[in-house]
Amino acid sequence: MTAAHAPEDVTGHEQPQSVRERRLHPVTPLRRAWAPIAVLLGWAVHDMDQAQRQLAQLTAATLAIGLGVLVPAAALYGFLTWWFTHFGVTDTELRIRTGLLFRRTAHIRLDRLQAVDVTQPLLARFVGVAKLKLDVVGTDKKDELAYLGEKEARDLRAELLARAAGFAPESAHEVGEAPARQILRTPPSMLAVALLLTGTPWAMLLAAAAVPTFLWFATHNLWTVIAVAVPLAGGAFTNSAGRFIKEYDWTVGESPDGLRIDHGLLDRVHETVPPGRVQTVRIVQPLLWRRRDWVRVELHVAGSSNSVLVPVAPREQAEDVIARILPGVEVPKPGDFTGAPRRGHWCVPVWWRAYGVSVTETVFAAREGLLQRRISLVPHAKVQSVRLTQGPWERCWRLAGLHLDTGADKTVTARLRDAQEAAELLRAQADRSRTGRKGARPDRWMSGSSAP
């Protein structure tokens with residue numbers, strides 16, 4: 001969790017803030033009570049032979065006594081961790097206090113929030129509770145409050161966003177959740193067809209069937225076959241049925257807070273793409289999608305785990321969503337890209353034809369991929385640094401690569417550019433980035449009305 005100091009006055013002394021602390025939902029101990037049992041199960045799975053020997057030596061009475069001690073101990077652990085966990089919201093931060101023996105207080109500054117998401121696993125939906133996940137600048141892992149009542153989670157989310165947007169603390173409670181207007185929905189039938197037209201699940205399924213069969217005839221060792229088949233089958237499931245379950249009923253809505261994303265068949269997720277903090281947008285189009293002109297839109301947000309904006313949609317609708325998350329940006333048309341020089345085939349045979357570059361007043365666009373076409377869009381204001389690289393073989397053919405680094409620790413690369421062209425792009429992009437940052441909108445949450 002992100003730590004931050006309390007506000008200071010002009011003399012440098014910290015000013016204490018009164019905080020009304022709250023506890024998590026009473027169902028939380030049931031979730032946390034599994035921790036000791038999970039440790040025991042982890043030990044058993046790690047050394048199954050030893051676990052079997054230990055269980056074989058246990059009598060019925062010993063096993064009953066052990067369960068009689070383990071279950072109450074797990075319940076007590078869950079209760080105590082819930083009892084000693086509190087959270088509260090001050091004028092400037094969210095505070096979370098945890099710890100049984102060693103107390104720990106996390107200070108999450110509201111002005112550093114990237115996103116506040118509400119997620120509901122399947123069982124949590126039946127109980128009526130939800131998780132509140134927070135993306136904070138400078139952290140790779142989401143902080144979370146699990147679990148809160150569903151209404152309490154939504155109210156707290158609205159309050160945090162209102163305070164981050166600049167509303168006064170006394171009015172933040174009354175603002176409520178900003179309304180959202182649906183602008184795109186991916187029908188389940190379209191998602192299913194799109195997954196079937198993607199090559200990765202079929203390749204994983206083929207590998208899951210062929211590789212274990214080959215190993216069986218080569219080794220006749222069942223455990224070797226299982227050890228290889230299970231990960232391959234899991235990968236095939238994740239890239240097919242797993243994606244369908246996760247991206248089911250994908251809906252994108254527009255609100256003053258940013259773009260709202262709702263999705264999930266079993267675990268329902270409500271995410272927010274924060275305004276002004278999208279670093280890179282990538283348009284992906286597999287080969288079998290081109291006839292239908294479908295695309296997938298991915299994004300990178302600094303300090304956020306959000307990575308998908310649109311799982312599949314017609315290109316026109318996807319570009320409309322991109323225009324809303326990157327105001328003023330138009331996606332370059334195929335004819336706007338400058339391809340790689342023909343001599344690029346000496347460095348990258350066949351695939352050299354897919355590389356291209358387009359520069360507009362607002363974005364730098366790089367194209368790559370022959371079978372799966374990918375177009376990366378970087379707003380000029382989000383470029384942190386520009387680099388030119390040239391290996392010995394590229395130098396021989398007067399070629400170079402241009403690398404644009406963004407705030408999301410991602411790099412967009414324009415490969416196989418003419419060396420002189422790459423040098424000119426480098427100088428021009430440095431100027432465009434400086435100019436873009438001066439005119440960029442502030443990285444703040446928006447609000448439905450002006451903050452007082």
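Is S376 buried or exposed? These legends start with that residue and then visit other parts of the structure, which is a predicted model.

**View 1. S376 and its surroundings in strand 17.** Our opening residue sits in strand 17, which covers residues 373-379. With a relative accessibility of 10%, S376 counts as buried, because the cut-off for that label is under 20%. Leaving aside residues up to four places away in sequence, S376 touches V281, R282, F364, A365, A366 and V412.

**View 2. A three-stranded open sheet with a helix packed on it.** Follow the strands in the order 18-19-20 and you have the open sheet, with antiparallel pairing. Strand 18 (383-389) and strand 20 (411-418) are at the edges; each has a single partner strand, so one side of each has no neighbour in the sheet. From one strand to the next, the twist averages 15°. Six bridges join strand 18 to strand 19 (residues 399-406) in the antiparallel sense. To find one of these pairings on screen, look at S385, whose bridge partner in strand 19 is D405. Helix 14, made of residues 419-438, packs on this sheet and touches strand 18, strand 19 and strand 20. The direction of helix 14 makes about 170° with that of strand 18.

**View 3. L416, a residue of strand 20 with a positive phi.** Here we zoom in on one residue of an edge strand. L416 belongs to strand 20, and its phi is near 55°. Most residues other than glycine have a negative phi. At 0% relative accessibility, L416 counts as buried.

**View 4. V350, a loop residue with a positive phi.** What is the phi of V350? The value is near 65°, which is positive in a residue other than glycine. V350 is in the loop that links strand 14 (338-339) with strand 15 (356-359). Its relative accessibility is 48%, so V350 counts as partly exposed.

**View 5. A seven-stranded open sheet with antiparallel pairing.** Going across this sheet, the strands come in the order 6-5-4-10-9-8-7. Strand 6 and strand 7 (181-186) are the edge strands, and each pairs on one side only. On average, neighbouring strands are turned by 20° against each other, direction ignored. Within the sheet, strand 4 (residues 113-120) pairs with strand 5 (residues 129-136) through six bridges in the antiparallel sense. A handy place to start is L113, which stands opposite V136 of strand 5. Helix 6 (residues 150-164) lies across strand 4, strand 5, strand 6, strand 9 (258-263) and strand 10 (268-273). Relative to strand 6, helix 6 runs at about 135°.

**View 6. The cis peptide bond between A146 and Y147.** Most peptide bonds are trans. The bond from A146 to Y147 is cis, and its omega is near 5°. Y147 is found in strand 6, which spans residues 143-149. Strand 6 is also one of the edge strands shown in View 5.

**View 7. A nonpolar patch on the surface.** Which residues make this patch of about 870 Å²? They are L76, Y77, F79, W83, F84, L100, L101 and F102. W83 is a good residue to pick out, and it lies in helix 4, residues 60-83. At a relative accessibility of 38%, W83 counts as partly exposed.

Key:
Residues are numbered from 1 along each chain as its sequence is written. This is a predicted model: local features need pLDDT of at least 70, side-chain atom pairs count only at pLDDT 80 or more; totals for chains, interfaces and linings use all residues. Side-chain values use heavy atoms; hydrogens and water are left out. Two strands pair if DSSP finds at least two bridges between them. Helices (H or I, at least four residues) and strands (E, at least two) are DSSP runs, numbered from the N terminus. Axes are lines fitted to C-alpha atoms, for helices over the stretch in contact, and angles run from 0 to 180 degrees between N-to-C directions. Contact means heavy atoms within 4.5 Å. Patches are made of residues with over 30% relative accessible area and no salt bridge: like charges are joined within 9 Å, nonpolar side chains (Val, Leu, Ile, Met, Phe, Trp, Tyr) within 5 Å. Accessible areas come from the Shrake-Rupley method with a 1.4 Å probe; for residues, only the protein chains shown count as cover. A salt bridge is a side-chain nitrogen of Lys or Arg within 4 Å of a carboxyl oxygen of Asp or Glu. Buried means under 20% relative accessible area, exposed over 50%, partly exposed in between (1.4 Å probe, protein chains only).
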